[in-house]
Amino acid sequence: MSDALEYHVLHIAVETESEGRAILDELAQHPGRFGEIARKRSKDPLSAAKGGDLGWGQEDDYADAFAEALVALRPGQVSDLVPAQYGFHIIKLVNTRPARYVDED
């Protein structure tokens, strides 16, 4: 039996560090508004429309810096700014579950 996990992840993508810091300040004041803030301010239009929801994924589904920050979070926690190819991410871990593997034989 594998101990691999799947992660239910929300994120907000921003272009600049200052933009990211402003959003982190806003989240500190209004922690329950992650989805609302993602819809208004994330630069990722696909996930922004869903309140930043990326759904369930495994660690190796994400870029290295994103995955490293993700696995360090506990459910409900929000990351600091995570460097990305085109700016920064703010990541919120919703929950984890044991990974579900599909046998393709």
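1. Accessible area here comes from the Shrake-Rupley method with a 1.4 Å probe. On that basis the chain exposes about 6,600 Å², and carbon and sulfur atoms supply 48% of this surface. The model is a predicted one, and the points below should be read with that in mind.

2. How does the radius of gyration of the chain agree with that of a compact globule? A compact globule of 105 residues would have a value near 13 Å, and the chain has 14 Å, which agrees. The C-alpha trace spans about 45 × 25 × 25 Å along its principal axes.

3. Of the 105 residues, 40% count as buried; the cut-off for this is under 20% relative accessible area. Among the contacts in the chain with a separation of 6 or more, 62% are between residues 24 or more positions apart.

4. The secondary structure consists of four helices and four strands. Read from the N terminus, the elements follow the order β-α-α-α-β-α-β-β. A student tracing the chain can use this order as a guide to the points that follow.

5. What is the order of the strands in the sheet? The four strands form an open sheet, arranged β2-β1-β4-β3, with antiparallel pairing. Strands β2 (53–58) and β3 (82–84) are the edge strands, and each of them pairs on one side only. Neighbouring strands of the sheet are turned by 40° against each other on average, direction ignored.

6. Helix α2, made up of residues 34–41, packs on this sheet. The helix touches β1 and β4 (87–98), and its direction makes about 45° with that of β1.

7. Strand β1 covers residues 5–14 and is joined to β2 by five bridges, the two strands running antiparallel. In this pairing, E6 of β1 stands opposite Q58 in β2.

8. How many bridges pair β1 with β4? There are ten, again in the antiparallel sense. One position to look up in the structure is A13, which stands opposite H89 in β4.

9. Strands β3 and β4 are joined by three bridges and run antiparallel. The two strands form a hairpin, with two residues between them. A84 has G87 in β4 as its bridge partner.

Note on methods
Residues numbered from 1 in each chain as written. Predicted model: local features only at pLDDT ≥ 70, side-chain atom pairs only at ≥ 80, totals over all residues. Heavy atoms only, no water. Pairing = 2+ DSSP bridges. Axes fitted to C-alpha atoms, helices over the stretch in contact; angles between N-to-C directions. Contact = heavy atoms within 4.5 Å. Rg over C-alpha atoms; globule rule 2.2 N^0.38 Å. Buried < 20%, exposed > 50% of the residue type's maximum accessible area, 1.4 Å probe, protein only.
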